[in-house]
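Me: Please give me a close look at the enclosed space inside this model. I would like to know what lines it, how the helices around it pack, and how the open pockets elsewhere compare in make-up.

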Amino acid sequence: MTHRVPDPTSSDSPVQAVTPARSTVEIPIELTFGLLGPADANLRALENVLDADVHARGNVITLSGRPADVALAERVLAELLAAVRSGVAVSPEEVRRSVGMMTDGSGESPAEVLTLDIISRRGKTVRPKTVNQKKYVDAIDEHTIVFGVGPAGTGKTYLAMAKAVQALQSK
């Protein structure tokens, strides 16, 4: 038995050829290390979670792949760059979370989530790491009583205590 593989260049083929897209993004030189991370760890994390090919040479990042994948990669890079501009130390975990936020349909901007500072002390800043944590912090800001329900280790108590300290400091 033989199987016929459709020719993507044929007009009667059900498989349509997709023209690969290519894009270059130039990063300001002073933000390159913050975006790419030590030993390009953030770049590797980005390559692992995206379907587009991501390559960096100096401060120029080249994206290639299907048009939709390249467009997503451009949006993720723009969000991460905005976070780096705001002074956030981006790690591979933030890269993965940002891609998740961009693809889950929540409509939240990863840069807004990553740059929402609750409290800073001794060089450490407490901020939400996920969209749901940001919604929790926003709910604490908007309401007198908030019930946080979720599994252990998701930041309910930690973020509530940070908001309490912030309220005490602002009197």
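**The cavity and its surroundings**

Reply: In this predicted model, the lining of the largest cavity consists of eight nonpolar residues and one polar residue, with no charged residue among them. The search of the whole structure turns up one cavity of 30 Å³ or more. The space in this largest cavity comes to about 40 Å³.

The lining residues are Leu35, Leu36, Asn42, Leu43, Leu46, Ile61, Leu77, Leu80 and Val95. Asn42 is the polar residue of this set. Helices α1 (32-36), α2 (41-49) and α3 (67-85) each contribute at least two residues to the lining. The largest share, three residues, is from α2; these are Asn42, Leu43 and Leu46. Leu35 and Leu36 fall within α1, and Leu77 and Leu80 within α3.

Val95 of the lining lies in α4 (residues 92-103). This helix packs against α2 at an angle of about 30°, and the two axes are 8 Å apart. Angles under 35 degrees count as roughly parallel, so α2 and α4 are described as roughly parallel to each other. Their crossing is right-handed. On the α2 side, the contact involves Ala41, Asn42, Ala45, Leu46 and Val49, and on the α4 side Pro92, Val95, Arg96 and Val99. By class, this contact has seven nonpolar residues, one polar and one charged. Asn42 is the polar residue here, and Arg96 the charged one. Asn42, Leu46 and Val95 belong both to the cavity lining and to the α2/α4 contact.

The open pockets have a different mix of residues in their linings. The largest pocket has a volume of about 310 Å³. Its lining comprises 15 residues, and those nearest its centre are Glu94, Thr125, Val126, Arg127 and Lys129. Glu94 falls within α4. β5 (124-126) and α7 each supply at least two residues of this lining. In terms of class, the lining has seven nonpolar, five polar and three charged residues.

The second largest pocket has a volume of about 190 Å³. Its lining is made up of Thr130, Asn132, Gln133, Tyr136, Gly148, Val149, Gly150, Pro151, Thr154, Gly155, Lys156 and Leu159. By class these are four nonpolar, seven polar and one charged, the charged one being Lys156. At least two residues come from each of α6 and α7, with α6 giving the largest share, three residues.

Those two helices also pack against each other. α6 (residues 131-142) and α7 (residues 156-169) meet at an angle of about 40°, with axes 10 Å apart. The pair is therefore classed as oblique. As with α2 and α4, the crossing of α6 and α7 is right-handed. The contact is formed by Gln133, Tyr136, Val137, Ile140 and Asp141 from α6, together with Lys156, Leu159, Ala160 and Lys163 from α7. It has five nonpolar, one polar and three charged residues. The charged ones are Asp141, Lys156 and Lys163. Gln133, Tyr136, Lys156 and Leu159 take part in this contact and also line the second largest pocket.

Notes: Residues are numbered from 1 along each chain as its sequence is written. This is a predicted model: local features need pLDDT of at least 70, side-chain atom pairs count only at pLDDT 80 or more; totals for chains, interfaces and linings use all residues. Side-chain values use heavy atoms; hydrogens and water are left out. Axes are lines fitted to C-alpha atoms, for helices over the stretch in contact, and angles run from 0 to 180 degrees between N-to-C directions. Helices (H or I, at least four residues) and strands (E, at least two) are DSSP runs, numbered from the N terminus. Angles under 35 degrees count as roughly parallel, over 145 as roughly antiparallel, 65 to 115 as roughly perpendicular and the rest as oblique. A crossing is left-handed if the near helix is turned anticlockwise from the far one by less than a right angle, and right-handed if clockwise. Contact means heavy atoms within 4.5 Å. On a 1 Å grid over the protein atoms alone, a cavity is a set of points where a 1.4 Å probe fits but cannot get out, and a pocket is an open set with protein on both sides within 12 Å along at least five of seven lines; lining residues have an atom within 4 Å of a point. Grid points are joined across faces, edges and corners, and a volume is the space filled by probe spheres set on the points.
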